[in-house]
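Colleague: I've got a few "how do you know that" questions for you. Can we go through the model together?

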Amino acid sequence: MSLLEVDKLVTSFHTGQGVVRAVRGISWELDEGGALAIVGESGSGKTVGALSVVRLVPEPGRIEGGRVRLGERDLLSLGEAEMRAVRGGEIGMIFQDPMTSLNPVLTIGRQLTEATRLHLGLSRAAAAELAVETLELVRIPRARERLTEHPHQLSGGQRQRVMIAMALACRPSVLIADEPTTALDVTIQAQIVELVRDLRARLGMAVLWITHDLALVAGFVDAVAVMYAGRIVERAPVAALFRSPRHPYTMGLLRSLPRLGDRGRLSSIPGAPPDPREEAAGCSFAPRCPFAVERCRTEVPPEMEVGEGHGSACWRWEALAAETVARA
Amino acid sequence: MEVRGLEKRFPIRRGFLRRTVGAVRAVDGVSFDVREGETLGLVGESGSGKSTTARAVLRLDPPTAGRVLFRGRDLAALGPHELRAARRHMQMIFQDPYASLNPRMTVGGAVREPLDVHGIGAPAARDERVASLLRQVGLPADVADRYPHEFSGGQRQRVGIARALATSPGFIVADEPISALDVSIQAQIVNLLLDLKESLGLTYLLIAHDLSMVGHVSDRVAVMYLGRLAELGDAESVLRTPHHPYTRALVAAVPVPEPVASARPRPALLRGEVPSPAAPPAGCRFHPRCPHATALCREREPEWRDLGGPGAAHWVACHHVDSLPQPS
């Protein structure tokens, strides 16, 4: 049985301008020690989906359906106190902007020991020891001295590391990383990806990595789920996704990635993602899709099994498969 | 355009009397040419001074020292009227078109404004020119009466491009024109910039941090680090056989969109972060992060040397460029 499972999750925002159906019934599984990337563009619902797992959807968002299971427990039916113990305990989280999760007036040490004293019931001294160990784990130099420093005394890359340290403080079994490298420079981004890859191996934790950058996660995760307009349109082991994508959106994304050393025009996807308040009768990607037929505009495609552990929500996946073979 | 010894310092003021106690040397002696009809990509991480260079080149922020010659004329020697006349021929595209467009001005008004300012064409003919500019950037002409907030990021960037093209400039500085856009839209804008260059015979100075994207569109690439140029040469040569250790690290940090990364040897990652430009390291600015640094690098600034063959200059600023291991 998988460690973390999301089943037919639905999350919506009831705003003055209408209902934004951000997550429209997504399902995925994460194995113990595994790594899954949720890839999507802005507005695809990837972040709301991750926040729903830990029940941190901001107002006026509501989880309206589905199940989230961690081990044996249904997270959506836990009491708020139990849920707090899960967050920061069994599930660690890191976000794009470290300053939003670090408290500027508290020392690094205080922020790192708060969770371990609360969740693990450690003494002050034991918590401080664990904090030093955690800072060393994320390769912060002079870890012990850092405990008395404040977030503003750190550089951007170091803050990101401290935030990862906070997420790891209680040695969670799952790390949820929501675009943790987007605001960072490429060389620092590479350091952080390498760090998380290493931590996953050393601590045996599972990683859920939310990103818009397919290339970034290619060498790091086991599986990828591609989101478009609130739905998962394709889900596959990473090698299968890159070698034989079975959804036109995934194919378009892969082709539009620039490759180092290539020159000239890029292949692009025409048009733009739909307004999230609109309810399309058929496949949300159909208006931009070169393969779309009548059925695509009238009937929402369910996820279909197209290979081992490989699902695609495309009525025309067989035609795509034939086309990729013809190209090769 | 010829840029010679360009410098831009920002004073650091402290205390009650706002005394100047130092200077941030954002751009510190940078020289390069942008040849008629080419695209020169200027690459660097945050703090490299690449955007400051862009603004100093167009005298949006006049440089503290150095010369910028546009078609042989020193921009600093021009009076306000002449400078404004020269600006017609050099325009800028910004990273965030939303921030650079007046939210209360219609899209048509925004594109028309430069025509009014420079008195281009008969007033009656200007609306027609606006319609043709909007068409040229792939927007339907009926968008002219709408406001920026009604548009997606990609469409707003198209408006920003139409506005930059209004005065029929020959030279365009594009500062991170795609980095705020979603992946599937980035390729559209890159292709538009390539098409416009071809049809209008434009010259581009493209400022960006994304090396693979820059490689796709640039004829030559310049790499900046902490206010200085590290390397400059043909795009293919710089990206395929980078000489400077910093360029090599940048190239290695670019995520490769392939799922087999674990089978590849991992690239050597750069340690640490970019130091503050208020107190740049002595000698070679890259030495604190460079795996090949010696005492010489800590003391003396490296010369700017041409390692390229005839007709294919490849400039590098590194003491040890001859003895470094060959790039694989």
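Modeller: Sure. A helix here is a DSSP run of H or I with at least four residues, and a strand is a run of E with at least two. On that basis chain A has 13 helices and 12 strands. Keep in mind that this is a predicted model.

Colleague: What makes chain A as compact as a globular protein of its length?

Modeller: The rule takes 2.2 Å times the number of residues to the power 0.38. For 328 residues that gives 20 Å, and chain A has a radius of gyration of 21 Å, close to the rule, so chain A is as compact as a globular protein of that length. Its C-alpha trace spans about 65 × 50 × 40 Å along the principal axes.

Colleague: And what does the globule rule say about chain B?

Modeller: Chain B has 21 Å where a compact globule of 328 residues would be near 20 Å, so the value agrees. The C-alpha trace of chain B spans about 65 × 55 × 45 Å, and the chain has 11 helices and 12 strands.

Colleague: How many of the residues count as buried in chain A, and what is the share in chain B?

Modeller: A residue needs 20 or more other C-beta atoms within 10 Å of its own to count. In chain A, 48% of the 328 residues are buried; in chain B, 45% of 328 are.

Colleague: Why is strand β3 of chain A called mostly covered?

Modeller: By that same cut-off of 20 C-beta atoms, 5 of the 5 residues in β3(A), residues 35-39, are buried. Ala35(A), Ala37(A) and Val39(A) point one way, Leu36(A) and Ile38(A) point the other way, and all are buried. So both sets of side chains pass the buried test, and "covered" fits the strand.

Colleague: What makes β8 and β9 partners of β3 in chain A?

Modeller: Pairing takes at least two DSSP bridges between two strands. β3(A) has 5 bridges to β8(A), residues 206-211, running parallel, with Ala37(A) opposite Trp209(A). With β9(A) there are 4 bridges, also in the parallel sense, and Leu36(A) stands opposite Ala223(A). Both counts meet the cut-off, so both strands are partners.

Colleague: Why is the sheet in chain A described as mixed?

Modeller: Strands of a sheet can pair either parallel or antiparallel. β3(A) and β9(A) pair in the parallel sense, whereas β9(A), residues 223-228, and β10(A), residues 231-237, are antiparallel over 6 bridges. One bridge there joins Val224(A) to Ala236(A). The open sheet has 8 strands, ordered β6-β7-β8-β3-β9-β10-β12-β11.

Colleague: How do you know which strands of chain A stand at the edges?

Modeller: β6(A), residues 91-94, and β11(A), residues 304-307, each have a single partner strand, so one side of each is left without a neighbour in the sheet. The twist averages 20° from one strand to the next. Helix α7(A), residues 156-168, lies across β6(A) and β7(A) and runs at about 165° to β6(A).

Colleague: What is the strand order of the open sheet in chain B?

Modeller: It reads β6-β7-β8-β3-β9-β10-β12-β11, with 8 strands and mixed pairing. β6(B), residues 90-93, and β11(B), residues 305-306, have a single partner each, so they stand at the edges. β9(B) and β10(B) are antiparallel over 6 bridges, with Arg220(B) bridged to Asp234(B). Helix α10(B) lies across those two strands, at about 105° to β9(B).

Colleague: How do you know that α4 and α5 of chain A pack together?

Modeller: Contact means C-beta atoms within 7 Å, and residues such as Gly109(A) and Leu112(A) in α4(A) meet a set in α5(A) that includes Ala127(A) and Leu130(A). The axes are 9 Å apart at an angle of about 115°, and the crossing is right-handed. By class, this contact has 5 nonpolar, 4 polar and 1 charged residues.

Colleague: Last one: how many residues of the two chains are in contact?

Modeller: With that 7 Å cut-off, 36 residues of chain B touch 40 of chain A. On the chain B side, α7(B) gives the largest share, 8 residues. That side divides into 20 nonpolar, 11 polar and 5 charged.

Notes:
Residues numbered from 1 in each chain as written. Chains lettered and ligands numbered in written order. Predicted model: local features only at pLDDT ≥ 70, side-chain atom pairs only at ≥ 80, totals over all residues. Buried ≥ 20, exposed ≤ 12 C-beta atoms within 10 Å, placed from the backbone. Axes fitted to C-alpha atoms, helices over the stretch in contact; angles between N-to-C directions. Nonpolar A, V, L, I, M, F, W, Y, C, P; charged D, E, K, R; others polar. Left-handed = near helix turned anticlockwise from the far one by under 90°.
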